[in-house]
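Visitor: I should like a close look at one part of this protein. Please set it afterwards in its wider surroundings.

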Amino acid sequence: MPAAVVILAAGAGTRVGAGVNKVLLPLGDAPVLVWSLRDALAQPDVHRLVLVVRPDERDDVADAVTPWLGNREVLVVDGGETRHRSEWNALRALTPDIESGAVDVVVIHDGARPLAGEALWAATIAAAREHGGAIPVAPLDHLLVVAPDAPPTAAGAGLAGVQTPQAFRAGDLLTAYRLAEHDGFDATDTAGCLERYTDVRIAAVPSTSLNLKITFPEDVALATRLAPGRPAAG
């Protein structure tokens, strides 16, 4: 069955300090956003691709991604005031395909995570089909715990961070977001909405810190250094 992909690119990225949306910044041979776009389009079963953007950046995003699309089509929808609202806007656009069974899995990804790689995308989609939902997780061994009157200590083994792409069975995802809309609930991430409104099992897919999210100026430089060595598919 085909999958649908939603790439979130409606953030302001003010902490990067570049004066432009961080997903439009250059990274190697292409803008940051295009790296995720290429990974998504490389998946053999992706049927629909939705980009969620700020209304005033539609033209800028189109200019950035069009040269990389070939004969593939991308649906562009406006982002909302929060991440949850942006996701809901995308799901409403995908509702006909979900209800007709044209797609069985929906993938949600942050456009500011350009180095996920094709292999992580494929593993997450496959795990979602098997279990109902899947999220990449990576160890957070680099974190420190700071307590009053005590030296910093390592956070300890077993602590992990949640990343994207996150993938879920399409019908369950749509049901959860419809219920959230009815209740006025605004989730901090996609998995949180599923956990609140469904009994879908969400599997953890192993990932690494290479799948970084560009948030600060130094992240752009780090991603540039890491890009040539990111994992390939397979």
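Is Asp110 buried or exposed, and what is its relative accessible area?

Guide: Asp110 is buried, with a relative accessible area of 7%; buried means under 20% relative accessible area, exposed over 50% and partly exposed in between, with a 1.4 Å probe and protein chains only. The model is predicted, so local features need pLDDT of at least 70 and side-chain atom pairs count only at pLDDT 80 or more, while totals for chains, interfaces and linings use all residues. Residues are numbered from 1 along each chain as its sequence is written, and side-chain values use heavy atoms, leaving out hydrogens and water.

The side chain of Asp110 meets that of Arg83 in a salt bridge, at 2.5 Å from N to O. This pair links distant parts of the chain, for Arg83 belongs to helix α3 (residues 83-100) and Asp110 to strand β6 (residues 105-110), 27 residues apart. A salt bridge here is a side-chain nitrogen of Lys or Arg within 4 Å of a carboxyl oxygen of Asp or Glu; helices (H or I, at least four residues) and strands (E, at least two) are DSSP runs numbered from the N terminus. Arg83, unlike its buried partner, is partly exposed, at 23% relative accessible area. Both residues belong to a network of salt bridges that also links Glu87, Arg113 and Lys213.

By the salt-bridge rule the count comes to 13. Another of these joins Asp45 to Arg129, whose closest N and O atoms are 2.6 Å apart. Asp45 lies in the loop between α1 (32-42) and β4 (46-53) and Arg129 in helix α4 (residues 118-131), so this pair ties together parts that are 84 residues apart in sequence. Asp45 is partly exposed at 21%, and Arg129 is partly exposed at 28%. Arg54 and Glu57 also form a salt bridge, at 3.4 Å from N to O. In that pair Arg54 is partly exposed at 25% relative accessibility, whereas Glu57 is buried at 8%.

Strand β6, which holds Asp110, leads next to strand β1. β1 and β6 run parallel and are joined by six bridges, with Val6 standing opposite Ile108 of β6. β1 also runs parallel to β4, to which seven bridges join it; there the bridge partner of Ile7 is Leu51. Two strands are taken to pair if DSSP finds at least two bridges between them. In a regular strand the side chains alternate between the two faces of the sheet. Accordingly, Ala3, Val5, Ile7 and Ala9 point one way from β1, and Ala4, Val6 and Leu8 point the other way, all of them buried. Seven of the seven residues of β1 (residues 3-9) are buried, so the strand is largely enclosed by the rest of the structure.

β6 and α3 also appear, together with β11 (166-169) and α6 (190-197), in what covers the buried residues of helix α5; contact means heavy atoms within 4.5 Å. The buried residues in α5 include Ala170, Leu173, Leu174, Ala176, Tyr177 and Ala180. They cover an arc of only 160 degrees around the axis, which puts them on the same side of α5; the arc is that of the directions from the helix axis to the C-beta atoms. α5 (residues 170-183) has 14 residues and reaches 20 Å from its first C-alpha to its last, close to the 20 Å expected at 1.5 Å a residue. That expected span is 1.5 Å times one less than the number of residues. Just after α5, Gly184 takes a positive phi of about 70 degrees.

Helix α2 (residues 58-65) may be read in a similar manner. Its buried residues are Val61, Ala64 and Val65. These cover an arc of only 80 degrees around the axis, which puts them on the same side of α2. The face turned away from that buried side carries the exposed residues Asp59 and Asp63. What covers the buried residues of α2 includes β3 (30-31), α1 and β4.

For the wider setting, the protein has seven helices and twelve strands. Of its 234 residues, 47% count as buried.
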